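Q: Please take one part of this model and look at it closely. Which strands pair with it, and what else does it touch on?

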Amino acid sequence: MSEKDTRAGRAAPSHVTLAVVLQVREGELCVLLWQRARAPFSGLWSLPGGYLEPGHTLESSIRAQLAGKVDVAELSWLEQLETLSEPGRHPGEWQLATAYLGLVPLGLDPELPPDTAWHSIDELPALAFDHDGIVLAGRERLRAKLSYTNIGFALAPDSFSLSELSAIYTAALGYPTDPTNLRRVLERRGVLEATGERRASGREGGRPAAVYRFSSRDLEVTDPFAVLRPPTRAARAGG
């Protein structure tokens with residue numbers, strides 16, 4: 001506590017790190033939440049995280065919280081999302097919160113403790129504190145980056161068919177993406193490449209689907225003009 005804070009009779013703020021961890025699961029964009037067991041907001045769901053410990057950076061703190069408390073260590077992407085400093089955001093203390101956006105690729109299924117679960121972003125339960133706004137901020141950050149970067153690599157498995165990738169983008173963006181158009185966009189950006197392999201034909205036969213992968217698993221700005229936009233009303237109506 002500084003001399004100024006001591007004279008004013010108030011303590012320095014505490015600092016927590018939080019994570020909006022997103023994954024496409026069963027065709028839906030889902031966020032990882034845990035259920036609070038104590039006040040304030042006992043019984044409500046919240047984002048995983050915890051207090052910033054001495055000797056930790058913000059990023060090392062949230063990585064430790066995720067690995068130790070909810071057993072999520074295999075993040076394919078992590079970036080700082082926002083810092084919240086509203087004095088009244090916590091009813092019992094003056095608390096700063098730095099939130100991160102984390103992504104888990106399709107197919108990984110971390111073992112979770114009983115108080116932790118994935119929830120569809122479209123059907124969020126009641127959340128503690130201001131965490132509902134943080135979740136939506138994470139979703140919008142992801143959607144924006146899908147439009148101008150190659151961040152799709154962080155949601156996709158190592159290899160995939162175009163229909164599988166299209167389903168991932170559809171869930172994350174919140175509107176249908178056509179596999180052919182998606183391939184054209186990503187190939188034009190130079191982020192998609194064929195592996196030379198093909199999926200086995202399904203029960204209905206047909207030509208085996210080609211298998212692709214992202215050419216890089218490092219984040220790159222690929223299109224500053226953000227061409228992956230929601231379809232217009234006329235296009236959705238077929239006009």
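A: What follows is a close look at strand 2.

The model is predicted: local features need pLDDT of at least 70, side-chain atom pairs count only at pLDDT 80 or more, and totals for chains, interfaces and linings use all residues. Residue numbers start from 1 along each chain as its sequence is written, and side-chain values use heavy atoms, without hydrogens or water.

First, the setting. The protein has six helices and 10 strands (DSSP runs numbered from the N terminus: helices are H or I with at least four residues, strands E with at least two). Of its 239 residues, 41% count as buried (under 20% relative accessible area; exposed is over 50%, partly exposed in between; 1.4 Å probe, protein chains only). Strand 2 covers residues 28–35. Six of its eight residues are buried, so the strand is mostly covered.

Now the partners. Two strands pair when DSSP finds at least two bridges between them. Strand 1 runs antiparallel to strand 2, joined to it by four bridges. Within this pair, L22 has V31 as its bridge partner. The two strands form a hairpin, with two residues between them. In that turn, E26 has a positive phi of about 50°.

Strand 7 (residues 116–120) also pairs with strand 2, antiparallel, over five bridges. There, C30 stands opposite S120. Strand 3 (residues 45–46) pairs with strand 2 in the antiparallel sense over two bridges. W34 faces S46 in strand 3.

W34 leads on to the largest pocket. A pocket is an open set of points on a 1 Å grid over the protein atoms alone, where a 1.4 Å probe fits, with protein on both sides within 12 Å along at least five of seven lines; lining residues have an atom within 4 Å of a point. The largest one holds about 490 Å³ of space, taken as the volume filled by probe spheres set on points joined across faces, edges and corners. It is lined by 22 residues, and W34, R36, R38, G49 and Y51 are the closest to its centre. Strand 2 gives two or more residues to this lining, as do strand 1 (14–25) and strand 4 (49–51). Strand 4 gives the most, with three residues.

By class, nine lining residues are nonpolar, seven polar and six charged. Here Ala, Val, Leu, Ile, Met, Phe, Trp, Tyr, Cys and Pro count as nonpolar, Asp, Glu, Lys and Arg as charged, and the others, Gly among them, as polar.
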